[in-house]
Amino acid sequence: MTDTVAGAGAPATFGARGYPAALEWIARRAEAVVIPLAALVVGMALFSLFILAVGKSPVQLYETMWRGGFGSWFSIQNSLSRAAPLLLAALCVALPARLGLVVIGGEGAIVLGGVAAAAIGVALSGAPSFIVILAMGVAGMAAGGIWIGAVGALRHYRAVNETISSLLMAYIAIALMNQLVEGPLRDPASLNKPSTEPLADIYRIDNMPGMEVHWGLAVGVLACVLSWVLIEKTRWGFAARIAGGNVRAAQVQGLAVGSLIVGFTGLAGAFAGLAGMLEVAAVQGSANASLAAGYGYTGILVAFLARHNPLAIIPVAFLLGGIDASGGLIQRRMDLPDATVLVLQGLLFIVILFSETFYGRFKAFNPDLWRRST
Amino acid sequence: MDATEIGLWGVPLAILGGAIRVSTPFIFVSLGEAITERSGRINLGLEGTLVFGAMTAYAVAVMTGSPWLGLTAAAFAGLCFGLFHGWICKFRGVNDIAIGIALMLFGSGLAFFFGKPFIQPSAPDLPAIPFGAWSDIPQVQAALDVNVLFLIGAALAVFLWWAFRNTRAGLILRVVGDSSDAARAMGLNPDTVRLIATGVGGALAGIGGAYLSLYYPGSWTEGISSGQGLMAVALVIFARWNPLGCFAAALLFGGAGALGPALQSVGVTQGYYLFYAAPYILTLIIMIATSSPSRSLAGAPGELSITK
């Protein structure tokens, strides 16, 4: 088969170089799967060395991790429950990343979303449950959206670096939560652990049918799918990618870069705020210091591991939720500190970022460089 | 004169003393970050380096009985973290800001991992010089008890300010930070210069961490640093990469950090958590006030990604 024939509407089963089109299609996409997976394996191998160096058995560690996170229906449900907030927290990083922004303060939006939801839930007590739950969701999303949207606005209108400002605002948000929970919103009955008044049972979010995982997981997966559609299939997503590549070029094209940035960061914050609302309505039952459990920070890792692709966030969140879930078992069974999981996460993060340097370096993933198959 | 008699005067006095005490880690981290950023890279991982330095210093001081050995170990650990950041960032496609975030998590995780057995025992403190000995008011004495590291930090700020403009090393650093191409044309290897600059920056952050665990607050806990390493990065931008500005800004931040405890000491407990957030709010306000969308920052190194 020659080039001219291929160019003039030959069967699409062969590419321009004579290889099956399906093979080229797979090769082009394999890079985005093979490199992160290889990085994951290398990261886990390095962590094995670390575990060996502190005198424990890596085999036992990974076996314990498997048992604690993925080995039984019980542990899978536990991992899925932890994955739910991670999905939303990762979106808080992945959506702004489309615009070239590195937002790492999702923890603040989670915390404030949780407090806002708890406050609304208590204030509206007596109203029908679906209205209250809806209002809590809206309040959580609004609080988180305003918080991270402000980061985007500061970035665009004042050129304030979004990475630093979002993390500073996370600290401010936690202080604000402590102030509210110990002051005006405090339930006098909560002595040791200052909390807001507990939500009535009818305002709590249930588990999904047939499993011990609350509906937040479905909400998180839905949010990821919708975000993927937004990014890949709408003109806003397309515009955001242009603006992320080159702000000047986007402005010359007449794109409203300011609205894009505030809109994307606002939506990102709204998702994180929703994660806080779900923690309150489905897990804690009230807002307290447990809201700052670090989901916002693990979410950063999830987003980078998924290379900011909302669909890839779903499996990665499950993976990291499982690693998180196995932390307790590792601590008990192997007498290792609970920070073991943090070390693994940090190591994986570094290796994943390092793996960025390998994209575009392998001929196998780039059919344009293949030799002709004549 | 006893404590109650000086009344509200205790607040500014406590803020002054607090500014001196709280600012020292800021001084070291921000001077280290100023060196790194002058070379054209940003290391957000200094927060993790600070925490790991605090743990290392405490652990070594507990085991050897010498705070100075602890300090040296912390500086060495910080150097390793900095060199690692500097090395890994030279690869194409590796983002210095993202690596910084990863090192922040990794450094803290590693510190918590190894620091677990050292939460209980107590380590010897770094020595302080009682400049307030002339006074018989205990608050004045407390405020003027100045740690040697504060003085070293102040001297270092002046030295760096001088060295940036008057030494060969300072000029090389600035050339590399302003234009990799110009540096290469001069026969310099920007990656090597940045590697050294990030390493030195890490070592200084490690010393800042040692101060935290060995003097103030003076013990090792997992919550020992609450974003000081990160605020120091913002502070460097505010100080326009000028070491003397870093020193002044660090004092300002230290004062803001001491506001909450100072007010609490005279009985103002309302809004404690909000006063606790004062340094973060101050940092944010300063960043908003000093940034501008229409012009680049005066004095910014040309190669620095955070100001582009």
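Helix α13(B) is built from 13 residues, and the distance from its first C-alpha to its last is 18 Å, close to the 18 Å expected at 1.5 Å a residue. The description that follows concerns a predicted model, and α13(B) serves as its starting point because several parts of the structure meet there: what covers the buried residues of this helix includes α7 (162-182) of chain A together with α10 and α11 (243-265) of chain B.

## Helix α13 of chain B and its partner

Which residues of α13(B) are buried? They are Pro279(B), Tyr280(B), Leu282(B), Thr283(B), Leu284(B) and Met287(B).

One of the elements covering them is α10 of chain B. Helix α10 (residues 228-238) of chain B and helix α13 (residues 278-290) of chain B have axes that come within 10 Å and cross at roughly 30°. The handedness of the crossing between α10(B) and α13(B) is left-handed. On the α10(B) side, the contact is made by Met231(B), Ala234(B) and Phe238(B); on the α13(B) side, it is made by Pro279(B), Thr283(B), Ile286(B), Met287(B) and Thr290(B). Pro279(B), Thr283(B) and Met287(B), which take part in this contact, are also among the buried residues of α13(B).

The loop leading from α9 (190-214) to α10 of chain B contains Pro217(B). A cis peptide bond, with omega of about 5°, joins Tyr216(B) to Pro217(B).

## The contact between the chains

How many residues of chain B are in contact with chain A? The count is 40 residues of chain B, in contact with 38 residues of chain A. On the side of chain B that touches chain A, at least two residues each are supplied by α4 (96-115), α10, α12 (272-276) and α13 of chain B. The greatest contribution to that side comes from α4(B), with twelve residues. Helices α10 and α13 of chain B, which cross one another, are thus both represented on the side facing the partner chain.

## The two chains as wholes

Chain B contains 13 helices and two strands. Its radius of gyration is 20 Å, close to the 19 Å given by the globule rule for 308 residues, so chain B is as compact as a globular protein of that length. For chain A, the secondary structure comes to 15 helices and zero strands. The radius of gyration of chain A is 23 Å, close to the 21 Å that the globule rule gives for 374 residues, so chain A too is as compact as a globular protein of that length.

The table sets out further values for each chain.

| Property | Chain and value |
|---|---|
| Box filled by C-alpha atoms, along the principal axes | Chain B: roughly 65 × 45 × 35 Å |
| Box filled by C-alpha atoms, along the principal axes | Chain A: roughly 80 × 60 × 40 Å |
| Residues that count as buried | Chain B: 54% of 308 residues |
| Residues that count as buried | Chain A: 51% of 374 residues |

Contacts may also be sorted by separation in sequence. In chain B, 78% of the contacts between residues at least 6 apart join residues at least 24 apart. In chain A, residues 24 or more positions apart account for 76% of the contacts with a separation of 6 or more.

## Helix α8 of chain A

Helix α8 (residues 216-233) of chain A has 18 residues, which should span 26 Å at 1.5 Å a residue; its end C-alpha atoms are 25 Å apart, in agreement with that expectation. Its buried residues are Gly216(A), Leu217(A), Val219(A), Gly220(A), Ala223(A), Cys224(A), Ser227(A) and Ile231(A). Viewed down the axis of α8(A), the buried residues fall within an arc of 160°, so they line one face of the helix. An α-helix has 3.6 residues a turn, so residues three or four places apart point the same way.

Against which elements does the buried face of α8(A) pack? The buried residues pack against α4 (73-97), α9 (235-245), α11 (257-284) and α13 (310-325) of chain A. On the other side of α8(A), the exposed residues are Ala218(A), Leu222(A) and Lys233(A).

## A loop of chain A with positive phi

The loop between α12 (295-305) and α13 of chain A holds Arg307(A), and His308(A) lies there as well. Arg307(A) has a positive phi of about 50° although it is not a glycine. His308(A), likewise a residue other than glycine, has a positive phi near 60°.

Are these residues buried or exposed? Arg307(A) is partly exposed, with 18 other C-beta atoms within 10 Å. His308(A) also counts as partly exposed, with 18 C-beta neighbours inside 10 Å.

Definitions and conventions. Residues are numbered from 1 along each chain as its sequence is written. Chains are lettered from A and ligands numbered from 1 in the order in which they are written. This is a predicted model: local features need pLDDT of at least 70, side-chain atom pairs count only at pLDDT 80 or more; totals for chains, interfaces and linings use all residues. Helices (H or I, at least four residues) and strands (E, at least two) are DSSP runs, numbered from the N terminus. The radius of gyration is taken over C-alpha atoms; the globule rule is 2.2 Å times the number of residues to the power 0.38. A residue is buried if 20 or more other C-beta atoms lie within 10 Å of its own, exposed if 12 or fewer, and partly exposed in between; C-beta atoms are placed from the backbone. Two residues are in contact if their C-beta atoms, placed from the backbone, lie within 7 Å. The expected span of a helix is 1.5 Å times one less than its number of residues. The arc is that of the directions from the helix axis to the C-beta atoms. Axes are lines fitted to C-alpha atoms, for helices over the stretch in contact, and angles run from 0 to 180 degrees between N-to-C directions. A crossing is left-handed if the near helix is turned anticlockwise from the far one by less than a right angle, and right-handed if clockwise.
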